[in-house]
Every structure is written in C-alpha cells, then in structure tokens.
Amino acid sequence: VMLLDQISGVAPSWVDRLTLETLAAAEAPAIRRHLGRLEEFDRYSRFFSAMSDENIDRYVERLDWGRMIAVGLYQDDDLIGIAELGWEKDGYPDIAEMAVTVDSAYRHRGIAGWLVKEVVERGRKAGVRRMEACWISGNDSIAKIMRGFGAQVWLNGSHWSGIAELD
C-alpha cells in the first residue's frame, strides 16, 4: 500500500520514515509510550475513563493478544498510531470492537482511517464479520471512519455507537 496515496498532507520525506507493523506482545513498551503521550482528554476519548500513566501500564500489561488484532504505524522508532480490533470470546472473533489512537501531531491527515482499514483487512482474514465502536460526541473522526464502513450510527445515552457489517 502506498502511504502517500492514503495519507493526505504529508511530505514525501516524512512518509519515507513510516512503517506499518502488525503488533504483538513484544511491542508493549512502544504501545505504553504511545498511549502515555495522549493528553488527558484523548485518554478519556479512548478509554471512556480518566487514565493515569499507571492505569495505562496496567491496560498494556493485560492486553490479551489471543483476542485481538492490532496494527501500528511507526515513524522511525516511535509508534505514532494504533488501530485495534478486540473480541470477547477466545478463538471466536465474529464481532470485534474497534479502537484507534494517533499522536496529536499526526492527526487530521487520514492516518486513523487508514490504520482502521488495515486492521479490518487483517480482522476479516481472522473471521471478524462485524465491527463495533463507541465514541464521545465531538469525535467526528471515528464517526466518519465508521460511516465509511457503512455503519449504522446512533446516540446511545452520553456517547455514540456504531456497528458495521464487514462481509
């Protein structure tokens, strides 16, 4: 996949320093650093809760790689974005919840949407047939990404929810 064709507003020299990786437990330190760089509001947007650095450490320690697929975008050695699909049942990923984060300096360039497309491609191969997401009002990027997958979107109390069929 040509990143330059997928990500808008990025200089060619910047793109040359990007690599996409399927993440695994060995990337836990990079995941921790990425999530640790998120501002307080961004942490709340991602986790629906206030998340201290210690809470992020616990979250990363508890990632269940047998029930998730994640891709990460690195610039040089820095993980700058992650898209995840996670599911409830071991070995049965029919329905997966999507989450995505991008470092603030790299937002509004199409990176989140591109990462979600990449993780969905891998998820489909693993058997994911439906993607769900929840987000707070004002997170228009997630709404746009979900609608791009044809999701039904609705207001669910204090947050938005969406479900996209991936078949």
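Two strands count as paired if DSSP finds at least two bridges between them. With that in hand, look at Ala-70. Ala-70 stands opposite Glu-84 in S3. S2 and S3 pair over eight bridges, in the antiparallel sense. One caution before I go on. This is a predicted model.

Now the whole sheet. It is open, it has seven strands, and the pairing is mixed. The order runs S1-S2-S3-S4-S5-S7-S6. As a reminder, strands of a sheet pair through backbone hydrogen bonds, either parallel or antiparallel. Which strands stand at the edges? They are S1, residues 18-22, and S6, residues 152-156. Each has a single partner strand, so one side of each is left without a neighbour in the sheet. Neighbouring strands are turned against each other by 20 degrees on average, direction ignored. Then there is helix H7. H7 packs on the sheet and touches S4, S5, S6 and S7. The direction of H7 makes about 160 degrees with that of S5.

Stay with S2 and S3 for a moment, and take the loop between them. Asp-76 lies there. Asp-76 is not a glycine, yet its phi is positive, about 55 degrees. Is Asp-76 buried, exposed or partly exposed? At 44% relative accessibility, Asp-76 counts as partly exposed. There is another positive phi to look at, in His-108. His-108 is also a residue other than glycine, and its phi is near 65 degrees. You will find His-108 in the loop between S4 and H6. His-108 has 76% relative accessibility; the cut-off for exposed is over 50%, so His-108 counts as exposed.

Next, the cores. The largest nonpolar core has 32 residues. Those with the most contacts inside it are Met-98, Leu-115, Val-116, Met-131, Ile-142, Met-146 and Phe-149. Which elements give two or more residues to this core? Four strands and two helices are on the list: S2 (68-75), S3 (78-86), S4 (95-102) and S5 (130-136), with H6 (111-126) and H7 (140-148). H6 gives the largest share, seven residues. Apart from this core lies another one, of 16 residues. Leu-38, Phe-47, Met-68 and Tyr-74 are among them.

Let me pick out some residues. Start with Ile-142. Leaving aside neighbours within four places in sequence, Ile-142 is in contact with Met-98, Val-100, Ala-133 and Trp-135.

Ile-111 is in helix H6. Its relative accessible area is 2%, so Ile-111 is buried. How far apart are the C-alpha atoms of Ile-111 and Trp-135? They are separated by 18 Å, with the two positions 24 residues apart along the chain as the offset.

Leu-166 sits in the segment after strand S7, which covers 159-165. Leu-166 is buried, with a relative accessible area of 3%. What does Leu-166 touch, not counting residues up to four places away in sequence? The answer is Val-120, Arg-124, Val-128, Arg-129, Arg-130, Met-131 and Phe-149. His-34 is another matter. The C-alpha atoms of Leu-166 and His-34 are separated by 28 Å, and the two residues are 132 apart along the chain.

On to helix H4. Arg-43 has its place there. Is Arg-43 buried or exposed? Arg-43 is buried, with a relative accessible area of 8%. Set aside the neighbours within four places in sequence, and Arg-43 is in contact with Leu-35, Gly-36, Leu-38, Phe-48, Ser-49, Met-51, Ser-52, Asp-53 and Ile-56.

Last topic, the aromatics. A pair of aromatic rings is described by the distance of the centres and the angle of the planes. How many aromatic pairs are there? The count comes to one. The partners are Phe-47 and Tyr-59. Their ring centres are 4.9 Å apart and their planes are at 70 degrees, so the pair is edge-to-face. Phe-47 lies in H4, residues 40-47, and Tyr-59 lies in H5, residues 53-61. The pair therefore ties together parts that are 12 residues apart in sequence. Phe-47 is buried as well, at 14% relative accessible area. And the ring of Phe-47 has a charge over it. The charged end of Arg-46 sits there, 4.4 Å from the ring centre.

That is my tour. Over to you.

Technical notes
Residues numbered from 1 in each chain as written. Predicted model: local features only at pLDDT ≥ 70, side-chain atom pairs only at ≥ 80, totals over all residues. Heavy atoms only, no water. Core = buried A, V, L, I, M, F, W, Y, C linked by side-chain atoms within 4.5 Å. Buried < 20%, exposed > 50% of the residue type's maximum accessible area, 1.4 Å probe, protein only. Contact = heavy atoms within 4.5 Å. Phe/Tyr/Trp six-rings, centres within 6.5 Å; stacked < 30°, edge-to-face > 60°. Lys NZ or Arg CZ within 6 Å of the ring centre and 35° of its normal. Axes fitted to C-alpha atoms, helices over the stretch in contact; angles between N-to-C directions.
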